[in-house]
Amino acid sequence: ELVEDAINANRKIVVVTGGVLSGIGKGVTASSIGVLFRAMGLRVTALKIDPYLNVDAGTMSPFEHGEVFVLDDGGETDLDLGNYERFLSVCLTKDSNLST
């Protein structure tokens with residue numbers, strides 16, 4: 001459904017992937033690409049997809065996941081969403097964070 005909506009609305013989707021390796025800069029890279037797109041006059045938002053099964057960053061041990069970023073709506077998410085908000089000047093919600 002997301003892909004069909006993107007096609008019908010002439011939206012473009014950029015996917016930054018790197019497997020489950022943590023700390024290699026995927027979030028900062030995605031944020032930086034978003035900043036470049038905004039500088040070109042495009043409207044940008046972010047969506048974080050984590051490979052965790054029915055678990056979010058707020059319910060995991062800090063040793064398993066690391067620090068948590070709390071969104072304005074109370075969603076406890078990965079720190080990458082904090083980077084997205086700061087870099088892109090957007091206000092994200094817990095719906096911007098998906099787990100499998």
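This briefing covers the fold, helix H2, the nonpolar core and a few single residues of one protein chain.

The model is predicted, and its pLDDT averages 81 over the protein chain. The chain holds four helices and four strands, in the order α-α-β-α-β-β-α-β from the N terminus. Helix H2 has the highest mean confidence in the chain, at 92.

**Overall picture**

- Of the 100 residues in the protein chain, 26% are buried.
- The protein chain has an accessible surface of about 7,100 Å², and carbon and sulfur atoms account for 56% of that surface.
- When contacts between residues at least 6 apart in sequence are considered, 46% of them join residues at least 24 apart.

**Confidence**

- A pLDDT of at least 70 is reached by 78% of the residues.
- Confidence is lowest in helix H3, residues 62-65, where the mean is 62.

**Helix H2**

- Helix H2 runs over residues 26-39.
- The 14 residues of H2 should span 20 Å at 1.5 Å a residue, and the end C-alpha atoms are 20 Å apart, so the expected and modelled lengths agree.
- Gly27, Ser31 and Gly34 are buried in H2. These residues cover an arc of only 60° around the axis, so they lie on the same side of H2.
- Leu36 and Ala39, on the other side of H2, are exposed.
- Helix H4 is included in what covers the buried residues of H2.
- Serine 31 has a relative accessible area of 0% and is therefore buried, the cut-off being under 20%.
- Leaving aside residues up to four places away in sequence, serine 31 touches Asn83, Tyr84, Phe87 and Leu88.
- Glycine 41, just after H2, has a positive phi of about 90°.

**Nonpolar core and helix H4**

- Eight residues form the largest nonpolar core: Val44, Ala46, Phe69, Leu71, Leu81, Tyr84, Leu88 and Leu92. Helix H4, residues 79-88, gives the most to this core, with three residues.
- Tyrosine 84 belongs to this core and also touches residues of H2, among them Gly27 and Ser31.
- Other contacts of tyrosine 84, not counting residues up to four places away in sequence, include Ala30, Ala46, Lys48, Ser89, Val90 and Leu92.
- Ala46 and Leu92 are members of the core that tyrosine 84 touches.
- Leu88 is another core residue, and serine 31 is among its contacts.

**The loop after H4**

- Serine 89 sits in the loop between H4 and strand E4, which covers 97-99.
- Serine 89 has a phi near 55°, a positive value in a residue other than glycine.
- The relative accessibility of serine 89 is 59%, so this residue counts as exposed, the cut-off being over 50%.
- Serine 89 is also one of the residues that tyrosine 84 touches.

**Strand E3**

- Aspartate 78 is in strand E3, residues 76-78.
- With a relative accessibility of 12%, aspartate 78 falls under the 20% cut-off and therefore counts as buried.
- Valine 68 is ten residues from aspartate 78 in sequence, and their C-alpha atoms are 5.4 Å apart in space.

Notes. Residues numbered from 1 in each chain as written. Predicted model: local features only at pLDDT ≥ 70, side-chain atom pairs only at ≥ 80, totals over all residues. Heavy atoms only, no water. Helix = DSSP H or I, 4+ residues; strand = E, 2+ residues; numbered from the N terminus. Buried < 20%, exposed > 50% of the residue type's maximum accessible area, 1.4 Å probe, protein only. Contact = heavy atoms within 4.5 Å. Areas by Shrake-Rupley, 256 points an atom, 1.4 Å probe, with all protein chains shown as cover. Core = buried A, V, L, I, M, F, W, Y, C linked by side-chain atoms within 4.5 Å. pLDDT = per-residue confidence, 0-100. Expected span 1.5 Å × (residues − 1). Arc of directions from axis to C-beta.
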